[in-house]
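Here are some exercises to work through with the coordinates open beside you. Try each task before you read its solution.

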Amino acid sequence: MKIKILWALLTLVIAGLIAVPWIASYFYIFIFTEILILGLFAASFNLIFGYTGMLSFGHAAFFGIGSYAMALVLIYLEWPFVVGLLVSMGVSALLALIIGFFCVRLNEVYFAMLTLAFGMMVFAIAYQWRSVTNGSDGLAGFSLGSFGLGLDLTLANPAVYYHVVLAIVVIASAVLYLVCRSSFGMILRAIRQNPERVSFAGLNVRTYRLVAFVIAGSFAGLAGGLIAPFLRVASPELLHWSMSAEPILMAILGGTGYFLGPFVGSAVFVLLETWITSFTESWMLVLGIILALMVIFFRKGLLGTVLDWWMEIKK
Amino acid sequence: MSGIGSALLNSLDIGLLLFIIAVGLNIVFGVLNIINFAHGALYMLGAYLAFTLINIVGMPFWAALLLAPLGVAILAVLIDRFLLRYIYSRDIADSLLLTFALLLIINESVRMIWGSGIQVVQPPQLLAGSMDIMGSSIPTYSLFVIVMGLALLAGLWFLFNRTRIGRIMRAAALDRDMAEVLCINTRLVVTGVFAFGAWLAAVGGVIAAPMRALDPGMGDKIIIESFIVVVIGGLGSFPGALLGAIILGLIHGFGGRYFPEVNMLLPFLGMALVLLFKPNGIMGKGAAA
């Protein structure tokens, strides 16, 4: 019964999201595009954080490399948009395989620091390899060609681009959700709770963690591939560790225990940022206070707290 | 002065400054088992407090060197009492997240109080200019940093190995429950150690103030550097912090001079290499999953 209500609610939300370009101003079309892309980024992060229990401080490496891949494809190859997204995913999956190979053998703190180091290595390369990445200015000035798949879409139109992003994010999230629900996802959750038990059961914990890391990386790359045409630039800031902090904040804000938590977190994060920065410059101060309160008192996040409470009262 | 000589001197003063900051991070981790993401923000706070005391209040540098770290240590006591006490018993990821929130709060407060522009602190008269040593001219302030680093190193060594307080801290680091049984007030030890770590960060900040321009991003830069130092040296290890700091100092001193195209990459490469071959750091213990 309750699950049915939740599904109905989700359908309503998606219907509302589809209707955004007709009911909201231009400004909010941009806001919602950003929420969706960052939500996917945060959801991919939550596969390794919330589900597998690995706190990565270098997730922006995959997000950023995805956006650079998209920018390079659009500038030099002029391939269709969909192919660009696949390239973004492929490149970031490859990078995640390399970085993950080294990182997944380490536990908590060391894992966090090594992912931070690798992330900053990628940042340093993007910053200093001027001939390919254009250094601190980043790659800009690419034009959006065709969409691909025989569809005739004007991607330069923000409303059209919003719908494209919505469709891709919904599909990608459905795939991620199925991954989380599968027996593979169950094993990841078991690893978070007790890696020793899992390895006693005969499973190779490292391999599972690596696969999770690569899947998370490739979906972060997909989000990166979506953000480059949206921002019209792929710049080193997308790779910086402060960018890696955003999905962490979003996951905590929304709740790491539910699949949609990071999306809720992304919406709250972007909307709060928009509203708060309109009357004060110290958005980061507010964010810091909110994060501290969430960590201390509402570790389950907004969605987690609300859902747990709702499941509790109406038995 | 020859290129190698000045690179070496440069490495030493960067390295010893990093040691002062990173050793605080390491002591806090060793006893409290938390990674203080806000450590760099506390370092920045030390530098900015020194700026106010010297440039606005008009105090001499030496008074600022005494007072600014004291102020930061008092703030650290409040942070420990009102925030960190909730998460000591939790997963280590929670301490990373909470101190990260603290970093955001302190960074933004600094920006609000002192502005986002660059501020400059002049070195005291005694340490301005340069000295002639063996026919080459060396900035006096670099020598001061090196002397301060060595003095703190000796002081810390004495504290940990020759005093009762140091033994209590080591006992609490080894086994907190056992220390409790032996009538040690571990609650007090925890607060004291956190404040001491913050004090060290702030001392580093005051010493760094005349060398580097102050800006609200300086804390973020130093926390990454400190992470690299403690990872290279070994998390929670006192000699490891020194070794890691010297190695990173050398990477900066020589990397900036001889490999300018890849100098940003080198520290992270060094850290990744150490983690690959000695996952627990050169002097550390127990890390692999």
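The exercises below deal with a predicted model, and each comes with a worked solution.

**Exercise 1.** Find how many residues of chain B are in contact with chain A, and work out which element of chain B gives the largest share.

*Solution.* Start with the count: 37 residues of chain B are in contact with 33 residues of chain A. Next, look for elements of chain B that give two or more residues to this side; they are α4 (92-114), α9 (218-233) and α11 (265-277). Of these, α4(B) provides the largest share, with 15 residues. Finally, sort the chain B side by class: 32 residues are nonpolar, two are polar and three are charged.

**Exercise 2.** Describe how helix α12 (residues 261-279) and helix α14 (residues 301-313) of chain A pack.

*Solution.* Two quantities are needed, since a pair of packed helices is described by the angle between the axes and the distance between them. Here the angle is about 120 degrees and the axes are 7 Å apart. Now classify the angle: roughly perpendicular ends at 115 degrees and roughly antiparallel begins over 145, so α12(A) and α14(A) are oblique to each other. Then list the contact residues. Helix α12(A) contributes A:Gly261, A:Val264, A:Gly265 and A:Val268, while α14(A) contributes A:Gly301, A:Leu302, A:Leu303 and A:Gly304. By class, this contact has four nonpolar, four polar and no charged residues, with Gly counted as polar.

**Exercise 3.** Identify the residues that touch the most other members of the largest nonpolar core, then list the contacts of B:Ala47 beyond its neighbours within four places in sequence.

*Solution.* The largest nonpolar core has 208 residues, and B:Ala47, B:Ala50 and B:Ala202 touch the most other members. For B:Ala47, set aside the neighbours within four places in sequence; the contacts are then B:Gly205, B:Val206, B:Ala208, B:Ala209, B:Leu214 and B:Met218.

**Exercise 4.** For A:Arg232 and B:Asn33, locate each residue and decide whether it is buried, exposed or partly exposed.

*Solution.* Begin with the backbone. A:Arg232 is not a glycine, yet its phi is positive, at about 65 degrees. It sits in the loop between α10 (205-231) and β2 (233-234) of chain A. B:Asn33 also has a positive phi, near 60 degrees, and lies in the loop between α1 (3-32) and α2 (39-56) of chain B.

Now count neighbours. A residue is buried at 20 or more other C-beta atoms within 10 Å and exposed at 12 or fewer. A:Arg232 has 14 and is therefore partly exposed. B:Asn33, with 14 C-beta neighbours inside 10 Å, is partly exposed too.

Methods:
Residues numbered from 1 in each chain as written. Chains lettered and ligands numbered in written order. Predicted model: local features only at pLDDT ≥ 70, side-chain atom pairs only at ≥ 80, totals over all residues. Contact = placed C-beta atoms within 7 Å. Helix = DSSP H or I, 4+ residues; strand = E, 2+ residues; numbered from the N terminus. Axes fitted to C-alpha atoms, helices over the stretch in contact; angles between N-to-C directions. Parallel < 35°, antiparallel > 145°, perpendicular 65-115°, else oblique. Core = buried A, V, L, I, M, F, W, Y, C linked by C-beta atoms within 7 Å.
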